[in-house]
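Visitor: I am new to this structure and would like a close look at a single part of it. Please take the places where side chains of opposite charge pair, and explain each term as you go.

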Amino acid sequence: SESSSFQLSSGINAEYGGDLLFLTNQPEPVRVGDVVVFRVRGRNIPIVHRVLKVHEKDDGYVKFLTKGDNNNIDDRGLYVDGQLWLEEQDIIGRVKGYLPYVGMMTILMNDKPNLKYALLGLLALFVLIKREQ
């Protein structure tokens, strides 16, 4: 079974902001209500939203419509111009669990570079002090 972890700066609910998400790519089908991480074609920013609708054809072709829990409308405005549905290749994985606040330090260091440098300086100082003991 393939699974991975993923850290987000924001999510579909307030509880996902800065959380470490655990994703799965198991072959079971994505269903309405599943929380998925997807990437819009041509953009590198992954998005975490809930599946609102699923369309399945007899030949196995499946397409999805997503919506953020805190949004009033579906995600068609986020998709590439002319794209009305996500396809299986757009889905990175389904959220199977999360650890709250684990990613907050990374977010803080990216948002406030001086904090990153201060922490690196403290770590270097700690190494130097321990080395001399």
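**Charged pairs in the chain**

Guide: The chain has 2 helices and 7 strands, where helices (H or I, at least four residues) and strands (E, at least two) are DSSP runs, numbered from the N terminus. Read from the N terminus on, the elements follow the order β-β-β-β-β-β-β-α-α. This is a predicted model, in which local features need pLDDT of at least 70 and side-chain atom pairs count only at pLDDT 80 or more, while totals for chains, interfaces and linings use all residues. Residues are numbered from 1 along each chain as its sequence is written, and side-chain values use heavy atoms, with hydrogens and water left out.

Now to the part you asked about. Side chains of opposite charge can pair when their charged atoms come close. The structure holds 8 salt bridges, a salt bridge being a side-chain nitrogen of Lys or Arg within 4 Å of a carboxyl oxygen of Asp or Glu.

A good place to begin is Glu 28, whose side chain meets that of Arg 94 in a salt bridge at 3.3 Å, N to O. Because Arg 94 lies in strand β7 (residues 91–99) and Glu 28 in the loop between β2 and β3, the pair ties together parts that are 66 residues apart in sequence. Glu 28 also forms a salt bridge with Lys 96, and here the closest N and O atoms are 3.6 Å apart. Lys 96 is in strand β7 while Glu 28 is in the loop between β2 and β3, so this pair ties together parts that are 68 residues apart in sequence. Glu 28, Arg 94 and Lys 96 are linked with Asp 34 in a network of salt bridges.

How far these side chains are covered can be stated with three words: buried means under 20% relative accessible area, exposed over 50%, and partly exposed in between (1.4 Å probe, protein chains only). Arg 94 counts as buried because its relative accessibility is 5%, whereas Lys 96, at 53%, counts as exposed. Glu 28, the partner of both in these salt bridges, is partly exposed, with a relative accessible area of 38%. As background for the chain, buried residues make up 29% of its 133 residues.

Another salt bridge uses the loop between β2 and β3 as well. Glu 56 pairs with Arg 31, the closest N and O atoms being 2.6 Å apart. With Glu 56 in strand β4 and Arg 31 in the loop between β2 and β3, this pair links distant parts of the chain, 25 residues apart. Arg 31 is partly exposed, and its relative accessible area is 37%.

These links can be set beside the contacts of the chain, contact meaning heavy atoms within 4.5 Å. Among contacts between residues at least 6 apart in sequence, 49% join residues at least 24 apart.

To sum up the part you chose, the loop between β2 and β3 holds Glu 28, which pairs with Arg 94 in strand β7 and with Lys 96 in that strand, and the loop also holds Arg 31, which faces Glu 56 of strand β4 in a further pair.
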